[in-house]
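Please open your viewer and keep the sequence panel beside it, since this tour moves from one selection to the next.

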Amino acid sequence: MASNQSSSLNNIRFPITVTNNNSNDVEVLEPEANSKDDTFDYSKRAQWLRAALLGANDGLISIASLMMGVGSVKQDIEAMILTGFAGLAAGACSMAIGEFVSVYSQLDIELAQKKRQHKNRNGNRNGNKEGEKENLANPWQAAAASALAFAVGAIVPLLAAAFIRNYKVRLAVVVGAVSLALMAFGWFGAVLGKAPVIRSSARVLVGGLMAMGITFGLTKLIGSTAL
């Protein structure tokens, strides 16, 4: 009982009285309410933030790695661009279909669970059905968002390589543009999720550079020996 009273007293905010010596006016300052950052649950952003960043990073890293791999054995710009566009189309479709199937399975599970809950309420099925429908997973929305995020990430290396004819300069520009985009995606996700910015950006950057380097090296090795 004593602990409950102490907890409730800690939550009470008392006004502060300030006297102005020059005018003898008394001003009462009300305590500030908790800021939005203190009360907002940032974990609610985790699901859609994860899907958006996953799609964008996947498009960015996979298409850049694919273009770097082809660029390790073919120096002409047409081969890199065609490879990048083919990867963009295939990857966006794959992300959309995979997300649609996954979220539809989640929707089936949620609907089955709600039916069981209705049966356990002694036949009382007059609930807030509209609110329940709004909270259900949307496979079409998830598929469109995943495909769009993948395409946004994939367009970065394509634009970086599209107008540069020199082979070495083109590779350097692709790596530089992708590195900046990876850092931007890491920073964006950290800011929205209130996570450490430097750590998130560095993690995404190192992972992307490793993927491009491994793909470039393995393709170069296979192209120079097996072909």
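What follows is a walk through a predicted model, with a selection to make at each stop.

**First stop: two neighbouring helices**

Begin by selecting residues 139-162, which form helix α6, and then residues 167-193, which form helix α7. At what angle do the axes of these two helices cross? They cross at roughly 150°, and the axes come within 8 Å of each other. Because angles over 145 degrees count as roughly antiparallel, α6 and α7 are described as roughly antiparallel to each other. The crossing in which α6 passes α7 is right-handed.

Now show the side chains where the two helices touch. On the α6 side, select Gly-153, Val-156, Pro-157, Ala-160 and Ala-161, and on the α7 side select Arg-170, Val-173, Val-174, Ala-177, Val-178, Ala-181 and Phe-185. If you colour this contact by residue class, you should find 10 nonpolar residues, one polar residue and one charged residue.

**Second stop: a residue of α7 on the outside**

Stay with helix α7 and pick out Leu-180, which has its place there. Is Leu-180 buried or exposed? With a relative accessible area of 61%, Leu-180 is exposed. Then select Ser-201 as well, which is 21 residues away from Leu-180 along the chain, and draw a line between the two C-alpha atoms, whose separation is 9.8 Å.

**Third stop: helix α4 against α6**

Next, select residues 77-119, which make up helix α4, and bring α6 back into view. The axes of α4 and α6 come within 8 Å and cross at roughly 165°, which means that α4 is roughly antiparallel to α6. This crossing, too, has a stated hand, and it is right-handed. Coloured by class, the contact of α4 with α6 contains 23 nonpolar, four polar and one charged residues.

Within helix α4, click on Ile-81, which is buried, with a relative accessible area of 17%. Which residues does Ile-81 contact, once its neighbours within four places in sequence are left aside? The contacts are Leu-158, Ala-161 and Ala-162, and you have already selected one of these, Ala-161, as part of the contact between α6 and α7. Add Leu-159 to the selection too, because it shows how the fold can bring distant stretches of chain into one view: Ile-81 and Leu-159 are 78 residues apart in sequence, while their C-alpha atoms are 9.1 Å apart in space.

**Fourth stop: the salt bridge**

How many salt bridges does the structure hold? It holds one, and you can find it by selecting Glu-78 and Arg-165, whose side chains meet at 3.1 Å, N to O. Glu-78 belongs to helix α4, whereas Arg-165 sits in the loop between α6 and α7, so the pair ties together parts that are 87 residues apart in sequence. Turn on the surface and compare the two partners: Glu-78 is partly exposed, with a relative accessible area of 41%, and Arg-165 counts as exposed at 62% relative accessibility.

**Last stop: a buried serine**

Finally, select residues 46-71, which form helix α3, and look within them for Ser-65. Its relative accessibility is 6%, so Ser-65 counts as buried. To see what lies around this serine, show Ala-211, Met-212 and Thr-215, which Ser-65 touches when residues up to four places away in sequence are not counted.

Conventions. Residues are numbered from 1 along each chain as its sequence is written. This is a predicted model: local features need pLDDT of at least 70, side-chain atom pairs count only at pLDDT 80 or more; totals for chains, interfaces and linings use all residues. Side-chain values use heavy atoms; hydrogens and water are left out. Axes are lines fitted to C-alpha atoms, for helices over the stretch in contact, and angles run from 0 to 180 degrees between N-to-C directions. Helices (H or I, at least four residues) and strands (E, at least two) are DSSP runs, numbered from the N terminus. Angles under 35 degrees count as roughly parallel, over 145 as roughly antiparallel, 65 to 115 as roughly perpendicular and the rest as oblique. A crossing is left-handed if the near helix is turned anticlockwise from the far one by less than a right angle, and right-handed if clockwise. Contact means heavy atoms within 4.5 Å. Ala, Val, Leu, Ile, Met, Phe, Trp, Tyr, Cys and Pro count as nonpolar, Asp, Glu, Lys and Arg as charged, and the others, Gly among them, as polar. A salt bridge is a side-chain nitrogen of Lys or Arg within 4 Å of a carboxyl oxygen of Asp or Glu. Buried means under 20% relative accessible area, exposed over 50%, partly exposed in between (1.4 Å probe, protein chains only).
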